[in-house]
Structure formats: C-alpha cells, structure tokens
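Trainee: I should like to learn how the features of a structural model are read. Where should one begin?

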Amino acid sequence: MQSITIRQPDDWHLHFRDNEMLAETVPATARCFARAIVMPNLVPPVTNASLAMAYKERILAARPAGSQFEPLMTLYLTNETTPADITAAKAAGVTACKLYPAGATTNSDAAVKGISALYPVFEQMQKDGMLLLVHGEVTESHVDIFDREKVFIDQYMVKIVQDFPALKVVFEHITTGDAADFVLAHGANVGATITPQHLLLNRNDLLVGGVRPHNYCLPVLKRNTHQARLREVVAEGSKKFFLGTDSAPHAKHRKENACGCAGCYSAWSAIELYAEVFEQLNAMDKFEDFASNNGPDFYGLPRNEGTITLVKESWQVPELVTLADGTEMVPFFAGQTLNWKLA
Ligand code: DOR
Ligand code: ZN
C-alpha cells in the first residue's frame, strides 16, 4: 500500500497548554485533525463554563489562517464542582468533564479526593448528556505505579459504570489489557482512547539501556503483554476504541531533569505513527474507523466531511521544536524515521 485516504480524523484527548504555547500546539494539531478534546489541566485548572469558553477563544485565536479546526472543551472536576456547574457548562457548549484523581498527573493536585463525593455531579452529567472522561489511576503511595490502572478499575471504574448506566464514560489513554477487557465487557456507553506511545512502546523503551525521559508519560508504559493486548484490540476493530494522542508538551529541560515531567509531545507525528501501527498489525482496513469514525460515533457528534491522505514516504521527525521565546521541546520519536507522511 503506497497511500491511504481516510475521513479527516479527530484527536479525542490532548493538551494544548495556554498563552504563547498555543502558537505552537494548535497549528501542530490542526495540520490534520478537525477537532480535539482539549484537556483542562491548566494552572489554575479550567473548572467552570466561563473559564472553558475563555480558553476556547484563546485556542481559536491561535488557529492558522483559514483553519476550521474546532476545539471541544472540557471541565476539570474538583470536590467543589456542583451539579449547577454541569448544567451551566452543558448550556455553554462544554463537551465533557475530566476526572483526575488528585495527584495522578501534571497539575492534578486540585482534583478529586474521594470519588463518591462526586455522585451528585455524575447524576447531573448523566441527566444532561455530559461525557465523563477518566484518568484511571489510583494515587495512593503504597500502590505500585505499574498496578495503578488495574487497582483503579477494581476500586472505582466498576462502581461508576454500574451506578451510572446511562453516563457515557471514556477510559482515557488505557495502558493495560485489564482496561481493554474492562471496556469490552461493558455496554456501548463505555469507550476508551489509546495513545500512539502505548501501542508502539512498552516499559523496556523507558528503561533499557538508560532512562528515556521522552518516553515517560502517565499512565506509565507497561509490560509488553499489555502493549500486545492493546494492539490486539485495535486490530480487531471494536467500535469502543478511538484515537486520543495525549499529546502533552513540556520544555526539554523539564523532561531531561532529575525529576522529569510526564508527557509525550506527539502532535507532529501522531497520525503517521498510528498509521505505522495499523500497518504493522496488518489492519489498515481498521485504521479509518479508529482514527475518524469511532470517536464521533461514541460522542454522538457528526463524522467529519473532509479527508486526509497519507503517503508511503520516509521522513525524519525533527530533533527539536523551538518556540518563539526560545523554549526548546523534544517531540515524540525525535530524530526517528517514519514511513508514512501526511500529504
Ligand atoms: O503524561 C501525561 N502528561 N499524562 C497526563 O495525564 C497529563 C499529561 C500532561 O498534562 O503533561
Ligand atoms: Zn492527558
């Protein structure tokens, strides 16, 4: 296969950050994605409708000339979130709410302690048709970091989907066979995003031959048997799994650091890397559904009208991306040669 044309895809999970960074991140995503679910973990976080709509305006202002790219906004749930906040957010056009267990990842200190306290909020979300996006990891220090997703499923996910059978729940950036099987075992209202890094890499790519900070993200890469199960489920083509890059830029010096930040900045290579995965899996016939159809179908949004074409042509991911203020970032797969290129 030398070229493939698919319906224009969307990115159902990413981090744009804010202010000057938007001049870098928004064009990088708008080069191929029509829409993106924008994570709310800014400092301070996006906790209500007016913050979300102001953020949306800043993103729209950073679009390249002529771009029709549409940011889909999310609210950051805290223990202070009220059912009235949900209704107001829905009315303002917010698409979904993000549940970060407190301390789970970058800028999540303000997030949710004690998930059962949020039940009135989930009730309202279920009623208003607001999606719940879950960072599914427990944060207790005694739980091994490689087990945190599985423990979250057992302690919380099972209960949330049982108690709110009509709530649409997206298990974000799943990393384990346990999470994939959990999603498959539940109804059509439970789906999941999968990142390029969790399909392409496993924890050896983080630790063998030296620590590789640019492969460090959360949830952390798991053992190869989990990677294999994720690859298997996307190759099988279930409607429940869809593209979410979790593209998450951090300055080079913040990642190459004694306490390095979590996140892979994949916007410049993500669609090409996914194509590579599906080709490796001999499942190019499932690529378009994963990238462009399953996501909007799950969210209840129209599929995009346009198309993109990828051609079989090698190119090298840049070693560095430099922002206008001189900040350097190392993109995901920096310096590596990819086989598919956006035409
Ligand atoms: O690796 C990650 N980076 N995982 C997340 O959940 C957050 C993200 C970020 O904001 O940097
Ligand atoms: Zn994320």
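Mentor: Begin with burial: a residue is buried under 20% relative accessible area, exposed over 50% and partly exposed in between, with a 1.4 Å probe and protein chains only. By that rule His 173, with a relative accessible area of 2%, is buried. The model is predicted: local features need pLDDT of at least 70, side-chain atom pairs count only at pLDDT 80 or more, and totals for chains, interfaces and linings use all residues. Residues are numbered from 1 along each chain as its sequence is written, chains are lettered from A and ligands numbered from 1 in the order in which they are written, and side-chain values use heavy atoms, with hydrogens and water left out.

Trainee: Where is the place of His 173?

Mentor: Helices (H or I, at least four residues) and strands (E, at least two) are DSSP runs, numbered from the N terminus. His 173 is in the loop between strand E7 (169–171) and helix H6 (177–185).

Trainee: Which residues is His 173 in contact with, leaving aside its neighbours within four places in sequence?

Mentor: Contact means heavy atoms within 4.5 Å. With those neighbours left aside, the partners of His 173 include Lys 98, His 135, Leu 218 and Asp 246. A stricter notion is the polar contact, a pair of N or O atoms within 3.5 Å; within protein, one must be able to donate a hydrogen and the other to accept it, and residues adjacent in sequence count only if both atoms are side-chain atoms. The side chains of His 173 and His 135 form such a contact at 3.3 Å.

Trainee: Which residues of H6 are buried?

Mentor: They are Gly 177, Ala 179, Ala 180, Phe 182 and Val 183. In general, an α-helix has 3.6 residues a turn, so residues three or four places apart point the same way. The cover over the buried residues of H6 includes helix H5 (148–163), E7, strand E8 (190–194), helix H9 (224–236) and E9.

Trainee: What does the UniProt annotation say of Lys 98 and of Asp 246?

Mentor: UniProt positions are given in the numbering used here, feature names are shortened, and annotations may be inferred rather than shown by experiment. The unreviewed UniProt entry marks Lys 98 as "modified residue: N6-carboxylysine" and Asp 246 as "active site". Lys 98 lies in strand E5 (residues 96–99) and is buried, at 0% relative accessible area. Asp 246 lies in the loop between strand E9 (241–243) and helix H10 (252–255); it counts as buried because its relative accessibility is 6%. Its side chain makes a polar contact of 2.9 Å with that of His 15.

Trainee: How many residues surround ligand 1, and which are the closest?

Mentor: A residue is near a molecule if one of its heavy atoms lies within 4 Å of it. Ligand 1 is surrounded by 14 residues, the closest being Arg 17, Asn 41, Leu 218, His 250 and Ala 262. For the makeup of such a shell, Ala, Val, Leu, Ile, Met, Phe, Trp, Tyr, Cys and Pro count as nonpolar, Asp, Glu, Lys and Arg as charged, and the others, Gly among them, as polar. Here the shell has 4 nonpolar, 8 polar and 2 charged residues.

Trainee: Which side chains place an N or O atom by an oxygen atom of ligand 1?

Mentor: His 250 does so at 2.8 Å and His 135 at 3.4 Å. A polar side-chain atom of Arg 17 also lies 2.8 Å from an oxygen atom of ligand 1.
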